[in-house]
4 protein chains.
Amino acid sequence: MAKTVDTQLTVRYAETDAQGVVHHANYLIWFELGRSSFLRHYGMRYAEWEKLGLYAVVADVEVRYRAPAFYDDEVTVTTTLAKARKRFFQFAYEVRNQQGELLVSGTTRHLVTGHDRKPASLPDNLYNQLLTVLA
Amino acid sequence: MAKTVDTQLTVRYAETDAQGVVHHANYLIWFELGRSSFLRHYGMRYAEWEKLGLYAVVADVEVRYRAPAFYDDEVTVTTTLAKARKRFFQFAYEVRNQQGELLVSGTTRHLVTGHDRKPASLPDNLYNQLLTVLA
Amino acid sequence: MAKTVDTQLTVRYAETDAQGVVHHANYLIWFELGRSSFLRHYGMRYAEWEKLGLYAVVADVEVRYRAPAFYDDEVTVTTTLAKARKRFFQFAYEVRNQQGELLVSGTTRHLVTGHDRKPASLPDNLYNQLLTVLA
Amino acid sequence: MAKTVDTQLTVRYAETDAQGVVHHANYLIWFELGRSSFLRHYGMRYAEWEKLGLYAVVADVEVRYRAPAFYDDEVTVTTTLAKARKRFFQFAYEVRNQQGELLVSGTTRHLVTGHDRKPASLPDNLYNQLLTVLA
């Protein structure tokens, strides 16, 4: 059974652009909010990782835009953990509006580094926690 | 009795800056979210105003920053309507963290215009609705 | 000979995040600045397209992050037009810092629509202009 | 003779909102770019301050919005140092478009802190440098 977490948000006026729709860069910020909620939901706060000396650094992103979101829309970001290794992991996202229409989908891949920005590995306990919530 | 609306939000990683705290420009966006919720709470959606041909244009803002917010903080924006005229109105805001600490306070003043960006007046029904929710 | 346009920018403090580096969503905004400069450089202002009733809507993006940018870095976005059809086109980007180090590369694909957000075609004169600046 | 520094920027599409104009929060980011350029112009890079263990923390802002900016406008931020003390300083800004029209004016006040976020004082050499560029 897929382990997904839904994150709700209301579209902010500041997130729109002169086309009258949400500017495409904001979906990366919503994805980030989605994976932050995902981790928190499963008892792993990313803020704690940073206190342990670990960063999750974005290595690549792919986004497909299908339909626009508008100011004041109630949007849901559905997040799943698609891959987990000790040195990197990948999340997948779907963004829907209040009618359930799929607006945007995408993936982000993350490398684990230390605060020195050099590659690092997740400690066993975090890695094992991630494995339990893989999609 | 003061009419206030509380809006909750979780601080996004993208809202932080290299000082490790929320960048000061984001509070204007949170204020906007606060007044948007305030109007919606009292049955006045700003999206409807724009459909009626009205814009609320920001004329001035004042913000006082007292303490920082951090990634993943649970923040509350408390919004009140401080003044209401047919041609302009003013909101006041207080932002607190999950410990109830006052982080930021501020005001924004808004002019009513048409889509031609020329000064306009609120129609009587909207103006009267605003009067009923004045602080 | 490849037709590229270089766009310079200085990294803004607001573009950094708590990791002390530029937040990854900003590169989409820099890409947009890059293609805006590209079009302007070759005599096609996107603002004019919108006045003609055309939108270029982002359909998908791919970004690969290789190295971070920091506050106050002098960054160059090198933009090329990778594909041009009457109904869509694709740009490619490389972002380098003042040492010439490749930080980020990516592509964006754009659909042509009318202001009604329905698919449309570029008029012949615009399409022919695009063809002359294909990479 | 007033010591001012002019900073040029081209309005980004991402900076606009659904009203078709630059969203009001962006001016705080442009002000920041203005004071960053101001300091750099006079041989004081803010990035160096942070390496010395000093932060300049925004304490309050006031902004007055007079006329809108649009996508692709060429905008100039004129920055002056209005006050300088060892523990705080204040900048003033005027933003104009390519026609020289005054769009926005404002001030920002900054407190000096250490990386522990506690109040601190500028070292004598930095303080004396600031005094030489007071408006």
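Buried residues account for 41% of the 135 residues in chain A. The model is predicted, and the values below are computed from it.

**Chain A**

Chain A holds 3 helices and 5 strands. Read from the N terminus, its elements follow the order β-α-α-β-β-β-β-α. The C-alpha trace of chain A spans about 45 × 35 × 20 Å along its principal axes. A compact globule with 135 residues would have a radius of gyration near 14 Å, and the 15 Å of chain A therefore agrees with that expectation. Among the contacts in chain A between residues at least 6 apart in sequence, 68% join residues at least 24 apart.

**Nonpolar core**

In soluble globular proteins, nonpolar side chains tend to be buried together. The largest nonpolar core here has 128 residues, and A:V95, B:V95, C:V95 and D:V95 touch the most other members. In chain C, leaving aside residues up to four places away in sequence, C:V95 touches C:Y27, C:W30, C:V75, C:V77, C:L103 and C:V104.

**Strand pairing**

Strand 2 of chain D takes part in two pairings, one with chain B and one within chain D. The table sets them side by side.

| Strand | Partner strand | Bridges | Direction | Example of opposed residues |
|---|---|---|---|---|
| Strand 2 (residues 54–65) of chain B | Strand 2 (residues 54–65) of chain D | 5 bridges | antiparallel | B:R64 and D:D60 |
| Strand 2 of chain D | Strand 5 (residues 102–114) of chain D | 11 bridges | antiparallel | D:V58 and D:H110 |

Across the chain boundary, B:R64 stands opposite D:D60, which belongs to strand 2 of chain D. Within chain D, the bridge partner of D:V58 is D:H110 in strand 5. In a regular strand the side chains alternate between the two faces of the sheet.

**Contact between chains B and D**

Chain B and chain D each give 16 residues to their contact. On the side of chain B that touches chain D, the elements giving two or more residues are helix 1 (26–41) and strand 2 of chain B. Strand 2 of chain B supplies the largest share of that side, 9 residues. By class, the side of chain B that touches chain D consists of 10 nonpolar, 2 polar and 4 charged residues. Strand 2 of chain B thus appears in two descriptions: it is joined to strand 2 of chain D by 5 bridges, and it gives 9 residues to the side of chain B that touches chain D.

Technical notes. Residues numbered from 1 in each chain as written. Chains lettered and ligands numbered in written order. Predicted model: local features only at pLDDT ≥ 70, side-chain atom pairs only at ≥ 80, totals over all residues. Pairing = 2+ DSSP bridges. Helix = DSSP H or I, 4+ residues; strand = E, 2+ residues; numbered from the N terminus. Rg over C-alpha atoms; globule rule 2.2 N^0.38 Å. Buried ≥ 20, exposed ≤ 12 C-beta atoms within 10 Å, placed from the backbone. Contact = placed C-beta atoms within 7 Å. Core = buried A, V, L, I, M, F, W, Y, C linked by C-beta atoms within 7 Å. Nonpolar A, V, L, I, M, F, W, Y, C, P; charged D, E, K, R; others polar.
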